[in-house]
Amino acid sequence: MAARAISIEIGYSLTRVCEVDYKTKSHKIYKSFTIPTNEGMINDGVLTISPEYVENLKSALSANRVKAKQVVFTITSSRIASREVVIPFVKENRIADVVNANATDYFPVDLSQYQLAYSILGTIGENKSSQQYKLLVMAVPSALLSGYYDLAQALKLEVVAVDYAGNSIFQVVKEECAQGTNLIIKIDERASLVMAVQDSVLTFTRNVSYGVDEAIDAVMDTLTWGDVSSVEQAIRILQKNECIAEQGPTRDYEETEVSDSDEAPVVKSAREKAMDEVRAAFMPLVGGIGRVIDYYMSRNTNNPIDRIMITGLGANFRGLDELISSEINMPVTVLTEAAGWNLTRSFKNECFGQYIACVGAAVAPLGFKKETDKKGKSKAKGESNNVNGAFLAYSLLAIGLVAGIAMAAFSLVRYAGVQKTNMSLKAEAGSLEDIIPIYNEYVATKAEYTKVNAMYEATENRNEGMYEFLEELEEKLPSSVNVVSLTSDAFEVSINMLVDSKEDAAAAVQQMRSFHSLVPQMVTVSSLREEEDQETGVTTINFTVVATYRPVGYEPEEVTDETGAEAADGAAESADSGTAQ
């Protein structure tokens, strides 16, 4: 009989729980249910449990007759770093040694505070002599795991694994995605995960920092679909009702609504206005997904996307797949079945999408472990070995005593030789006493130099690099931009510019966010207005950009990650947000 395990995924609003077979080839789901997650209990994967939540989860496990004593957690967090690496083709039981030996090259951080895990993506090379392993190596902060171990202890369960949600989903869809390039998008409350699976190999993962929570709030803030007092009610409404407007309000409609003409303005019903608000709440999510897809397509021009499927909590929101499809101009479907899984029978009355990470976590988890947990198992194993080897230890005691006496005699001979050498070194040290004043002078001079150098560095500011900044401005700013004025101090620069259109203004702002000397998140537009030449009738855009300099001596770290969150992509999303402003 296969061992059962409880698989748990804790979201911002709901906690998903499944009872499944653990690490078996045949996948069977016995129980599945959700309970509310206390507000503020989880923050970017970091869990802070409360007695009330523990009691609620205990009661739910008891009510659903879940008797398994082992638990698997699957987590999503931007704090989990990942790298796709290539290592020599060694025996599988030696892969962990190779990964640990090169870990500092993969993750330039203090790895004593992290736990590592890996999964094999495939092999590279045709013949055996040139083959290499392609791995996805992940590092999770040890502090992030503590909350899940505390929860398991409070529930009196044994943690057998902590998995990453991306790996959990991959275990479910890898057979379904055996051919072609498939994009899987898991949509949750406050974040979404975009994955690319090509011929059953996970080739790309990226987090999108938007989910469906704003749409849920929009449903709860209106009485259009009744008095909605809980997140669960709002989710059911979004699943069963047409809540998303077919298209957003047009500019012509907005102008008509506020027009002072004699014609009667077009008036929308309360339901239509509510559907417009729900659609608007989904747009940041749809925009974020679109940007990730554009980025993937630009990096993989030789592997076009064959299918795009959505899953997760938001997958069954009626009309969301059509909204995403219309915005990215590509077909989008809902993942309802996966090869090798009988999901239709297992989830007759519930939406499978929100449980996808739960059911996949128990198949082949990465196996993040707390360091104390690893030591505990090693200690238990050691105690067992001590019991079995007690007789051998007593047998060796006598041999040890004999060997000790022999070594003591040998040590006495060595001691006499070492004592003679010590006396010789003392005499030599006495002859070198004249060098002590020279060394002391060197130490004092070095300390004085360090102090003077620190004083000089304290006087440096960004104005000393103004020439380099102007060169970068001239090189990178689009040629359509006309700089009217520029004001700078030691901390920030203000530039007033003229362009022909708002698109040119957005391009200029986005380009400035790539400047080496500026902080991308602190490049903002302080004013923007349209100006029309009375004589020629030509309209231009006058706008002012305020940007903060990077600290003197700061060198931004350039880290490209094909499978994890990436700084460059974050800057691009920030640039799009700034353009909207």
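Colleague: Before we look around, what counts as a salt bridge here, and how far apart are the N and O atoms of E531 and R529?

Modeller: A salt bridge is a side-chain nitrogen of Lys or Arg within 4 Å of a carboxyl oxygen of Asp or Glu. Keep in mind that this is a predicted model. The side chains of R529 and E531 do meet in such a bridge, with an N to O distance of 3.1 Å.

Colleague: Is E531 buried, partly exposed or exposed?

Modeller: Buried means under 20% relative accessible area and exposed means over 50%. E531 has 28%, so the label for E531 is partly exposed.

Colleague: How many residues apart in sequence are the parts that E176 and R307 tie together?

Modeller: These two form a salt bridge, with the closest N and O atoms 3.4 Å apart. E176 sits in the loop between α5 and β11, while R307 belongs to strand β14, so the pair links parts of the chain whose separation in sequence is 131 residues.

Colleague: Which residues are joined into one network by salt bridges that share partners?

Modeller: By the salt-bridge rule, the count comes to 15. Shared partners make one network out of E9, R16, K186, D188 and E189.

Colleague: Let's move to the sheet with β7, β8 and β9: what is the order of its strands?

Modeller: This one is an open sheet of three strands with antiparallel pairing. β7 (81-88) and β8 (114-124) are the edge strands, each pairing on one side only. Eight bridges join β7 to β9. Put together, the order is β7-β9-β8.

Colleague: Which helix packs on that sheet, and at about what angle to β9?

Modeller: Look at residues 142-155, which touch β8 and β9. They make up helix α4, and its direction and that of β9 differ by about 70°.

Colleague: Is V481 buried or exposed?

Modeller: V481 is in the loop between α16 and β16. Leaving aside neighbours within four places in sequence, V481 is in contact with M497, L498, V499 and A508. Its relative accessibility is 12%, and with the cut-off for buried being under 20%, V481 counts as buried.

Colleague: How far apart in space are V481 and A508, C-alpha to C-alpha?

Modeller: In sequence they are 27 residues apart. In space, the C-alpha to C-alpha distance is 7.4 Å.

Colleague: And what is the area of the nonpolar surface patch that includes L432?

Modeller: L432 lies in the loop between α14 and α15, and at 52% relative accessibility it counts as exposed. Together with I435, I436 and I438, L432 makes a patch of about 410 Å².

How values were computed: Residues numbered from 1 in each chain as written. Predicted model: local features only at pLDDT ≥ 70, side-chain atom pairs only at ≥ 80, totals over all residues. Heavy atoms only, no water. Pairing = 2+ DSSP bridges. Helix = DSSP H or I, 4+ residues; strand = E, 2+ residues; numbered from the N terminus. Contact = heavy atoms within 4.5 Å. Axes fitted to C-alpha atoms, helices over the stretch in contact; angles between N-to-C directions. Buried < 20%, exposed > 50% of the residue type's maximum accessible area, 1.4 Å probe, protein only. Patch = residues over 30% accessible without salt bridge, like charges linked within 9 Å, V, L, I, M, F, W, Y side chains within 5 Å. Areas by Shrake-Rupley, 256 points an atom, 1.4 Å probe, with all protein chains shown as cover.
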